[in-house]
Amino acid sequence: MATTLPIKISFSLPDGWQSAPPDEVGAPGVAFVALHLASMGDFTANITIAGRMRNDSASLWQIADESVRRLEQAGPVEVIKKTEVGTPDVPGLTDSPGVVQNLRLSTTLRGEPLELLQSQVYLGMEDVKNPMKRVVIELVLTAKPSQLDQVIEDFQQFIRTVRPADDTPV
């Protein structure tokens, strides 16, 4: 079942991407799905957005690790790269600090083996009135290795547009 984000965000999809109802494209638990129209076929490259309130002290690094453990329930997962963004050494893709994690997933689709690549971006947005309350937004690009070159720049462009909506008190 599709969910809603705990805060309002704004973003712009690059040309060639179309939103789709999460439940209709088999993406339960996310608030938003965009499909890459040129890659439609046996597997369509996609971008998903999910988010939830986190009132614990887990770092974004630890939250990214939680994602790996969750994905491992469906098959082997290899962490290719994990990087913090938004630090003085590594400028962020958005105004919020975050973690970028690139994964290789081995799974099945319609009973056939399938290798996928994911680029996951975790952004933390604290409540300015109560820093113990924060929202973690998860932005994910999923594509086959043969599709990645077509969509990775679009994903990076998309990430740069993600912001809290003007009326969001974060």
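**Figure 1. Arginine 110 in the loop between β6 and β7.** In this predicted model, arginine 110 sits in the loop that links β6 to β7. Although arginine 110 is not a glycine, its phi is positive, at about 55°. Is arginine 110 buried or exposed? With a relative accessibility of 68%, arginine 110 counts as exposed, because the cut-off for that class is over 50%.

**Figure 2. The whole protein and its order of elements.** Stepping back for a moment, we find 2 helices and 9 strands in the protein. Read from the N terminus, the elements follow the pattern β-β-β-β-α-β-β-β-β-α-β. Of the 170 residues, 43% are buried. Among contacts with a separation of 6 or more, 56% join residues that lie 24 or more positions apart. The accessible surface amounts to about 9,300 Å², and carbon and sulfur atoms account for 50% of that area.

**Figure 3. The open sheet of 7 strands.** Follow the sheet across and you will meet its strands in the order β2-β3-β4-β8-β7-β6-β5, with antiparallel pairing. Which strands stand at the edges? They are β2 (17–20) and β5 (77–85); each has a single partner strand, so one side of each is left without a neighbour in the sheet. From one strand to the next, the twist averages 25°.

**Figure 4. The β5 edge and the helices on the sheet.** At this edge, β5 pairs with β6 (residues 98–109) in the antiparallel sense, over 8 bridges. Lysine 82 has glutamine 101 of β6 as its bridge partner. Helix α1 (residues 60–71) lies across β4 (46–54), β5, β6, β7 (112–126) and β8 (134–143), and runs at about 0° to β6. Helix α2 (residues 148–161) also packs on the sheet, where it touches β2, β3 (32–36), β4, β7 and β8. The direction of α2 makes about 160° with that of β8.

**Figure 5. Strand β8 and its two partners.** How many residues of β8 are buried? The count is 10 of the 10, so β8 is largely enclosed by the rest of the structure. In a regular strand, side chains alternate between the two faces of the sheet. Here, Arg134, Val136, Glu138, Val140 and Thr142 point one way from β8, while Val135, Ile137, Leu139, Leu141 and Ala143 point the other way. The charged residues Arg134 and Glu138 are thus worth finding in this view; both are buried. On one flank, β8 pairs with β4 in the antiparallel sense over 9 bridges, and glycine 51 has isoleucine 137 of β8 as its bridge partner. With β7, β8 shares 10 bridges, and these two strands also run antiparallel. One bridge to look for here is that of glycine 124, whose partner in β8 is valine 136.

**Figure 6. Strand β3 between β2 and β4.** In β3, 5 of the 5 residues are buried, so this strand is largely enclosed by the rest of the structure. Phe32, Ala34 and His36 point one way, and Val33 and Leu35 point the other way. The antiparallel pairing of β2 with β3 runs over 4 bridges, with serine 19 partnered by alanine 34 of β3. β3 and β4 pair in the antiparallel sense as well, over 4 bridges. Look here for leucine 35, which stands opposite asparagine 46 in β4.

**Figure 7. Histidine 36 and its contacts.** Let us stay with β3 a little longer, since histidine 36 belongs to this strand. Its relative accessibility is 6%, so histidine 36 counts as buried. Which residues are in contact with histidine 36, leaving aside its neighbours within four places in sequence? They are Gly16, Trp17, Thr44, Ala45, Gln150, Val151 and Asp154.

**Figure 8. The largest pocket and its lining.** Rolling a probe the size of a water molecule over the atoms shows where empty space is left. About 1,100 Å³ of space lies in the largest pocket of this protein. Its lining is made of 42 residues, and those nearest its centre are Gly26, Ala27, Thr48, Gln118 and Thr142. Which elements each supply at least two residues of this lining? They are β3, β4, α1, β6, β7 and β8. Thr142 can also be found in the view of β8, where it is one of the buried residues.

Definitions and conventions
Residues are numbered from 1 along each chain as its sequence is written. This is a predicted model: local features need pLDDT of at least 70, side-chain atom pairs count only at pLDDT 80 or more; totals for chains, interfaces and linings use all residues. Side-chain values use heavy atoms; hydrogens and water are left out. Two strands pair if DSSP finds at least two bridges between them. Axes are lines fitted to C-alpha atoms, for helices over the stretch in contact, and angles run from 0 to 180 degrees between N-to-C directions. Contact means heavy atoms within 4.5 Å. Buried means under 20% relative accessible area, exposed over 50%, partly exposed in between (1.4 Å probe, protein chains only). Accessible areas come from the Shrake-Rupley method with a 1.4 Å probe; for residues, only the protein chains shown count as cover. On a 1 Å grid over the protein atoms alone, a cavity is a set of points where a 1.4 Å probe fits but cannot get out, and a pocket is an open set with protein on both sides within 12 Å along at least five of seven lines; lining residues have an atom within 4 Å of a point. Grid points are joined across faces, edges and corners, and a volume is the space filled by probe spheres set on the points.
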